[in-house]
Every structure is written in C-alpha cells, then in structure tokens.
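Colleague: Could you take a close look at one part of this model with me? I would like to start from one side chain and work outwards.

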Amino acid sequence: IYLDKFINTGLWKYSRHPNYFGEICAWFGLYLSSSHTLVGYERFFGLLSPVFVTFLLTYVSGIPLLEKKAMKLFKNNVDYQNYRRKTPVLIPFLNFPRI
C-alpha cells in the first residue's frame, strides 16, 4: 500500500470527490426524468430521495469520513495540502472559501 500517494489526476483533478458528485447528479437526474409523472405531494416526496442522499454524502457519511481519514494520512504531505487548498471538495470548478 502506498500511503504517501493520493489521487489527483483525471476527475480528481477537478473535484476531491467526483464519484459522490456523480452519484448526487444521478439521483437528481432520475428525479427530473420522472417528475413529470408525479402529481401533488408525490413531487415533494419524490424530491426527498435525492435531497436525502445529498445530505448523507455531504454531512453524515461519505465526504466527512474520507476527508478526516485523508487528513490523518496526509497531514504532513505538502502536495496534499496544496491539492486540498486548490481543489473543490464536491462540485468541480466551484471552490468555496473555508470559514
């Protein structure tokens, strides 16, 4: 195992978690492609699924767990710290400043 290496090529050059971004887009895409068949409260309840998946991946599991693990593994790696500073967490090309 290479503990001093991290992925920063391909899609990971544009987002630290492109797989989660793709999954979130897929869930919202499924909702959008089927929402025309939904009526009334069904539209609201149908929207809960992609919103819930987004919440889980961004705040509960997924990103928080992986970011914590990466910081533990690469905390002294200058290249990783630069990558982390320059690369958006989830949405490519949209890097929000840290508070």
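With the side chain of which residue does the side chain of R84 make a polar contact?

Modeller: Happy to! The partner is E67: the two side chains make a polar contact of 2.3 Å (N or O atoms within 3.5 Å, one able to donate a hydrogen and the other to accept it; neighbours in sequence count only through two side-chain atoms). Before we go on, this is a predicted model, in which local features need pLDDT of at least 70 and side-chain atom pairs pLDDT 80 or more, while totals for chains, interfaces and linings use all residues. Numbering starts from 1 along each chain, and side-chain values use heavy atoms, without hydrogens or water.

R84 sits in helix α4, residues 78–86 (helices are DSSP runs of H or I, at least four residues). R84 is buried, with a relative accessible area of 15% (buried is under 20%, exposed over 50%, partly exposed in between; 1.4 Å probe). E67 belongs to helix α3, residues 63–74, and E67 is buried too, at 11%. A second polar contact, of 2.7 Å, links the side chain of E67 to that of H17. Leaving aside residues up to four places away in sequence, E67 touches R16, H17, Y80 and R84 (heavy atoms within 4.5 Å).

One of those neighbours, Y80, takes us to a nonpolar core of 5 residues that also includes F6, A70 and F74 (buried Ala, Val, Leu, Ile, Met, Phe, Trp, Tyr and Cys joined through side-chain atoms within 4.5 Å). Apart from this core lies the largest one, with 6 residues: Y20, I24, V53, L57, I63 and L90. Helices α1 and α2 each supply at least two residues of that largest core. I24, for example, touches T54, L57, T58 and L90, again not counting residues up to four places away in sequence.

How are the helices themselves arranged? α1 (residues 18–34) and α2 (residues 41–60) pack at about 175°, with their axes 9 Å apart, which makes α1 roughly antiparallel to α2 (over 145 degrees; under 35 is roughly parallel, 65 to 115 roughly perpendicular and the rest oblique). On the α1 side this contact is made by Y20, E23, I24, W27, F28 and Y31. On the α2 side it involves residues including R43, L47, V53, T54, L57 and T58.

Coming back to the helix of E67, the axes of α2 and α3 come within 5 Å and cross at roughly 20°, so α2 and α3 are roughly parallel to each other. L57, T58, Y59 and V60 of α2 meet I63, P64 and L65 of α3. L57 and I63 from this contact are also members of the largest core.

Further along α3 is L73, which counts as partly exposed at 41% relative accessibility. The C-alpha atoms of L73 and S35 are 43 Å apart, with their positions 38 residues apart along the chain.

To finish, here is a residue from the segment before α1, namely K13. K13 touches N8 and T87, not counting residues up to four places away in sequence. From K13 to T37 is 24 residues in sequence and 38 Å in space, C-alpha to C-alpha.

Methods. Axes fitted to C-alpha atoms, helices over the stretch in contact; angles between N-to-C directions.
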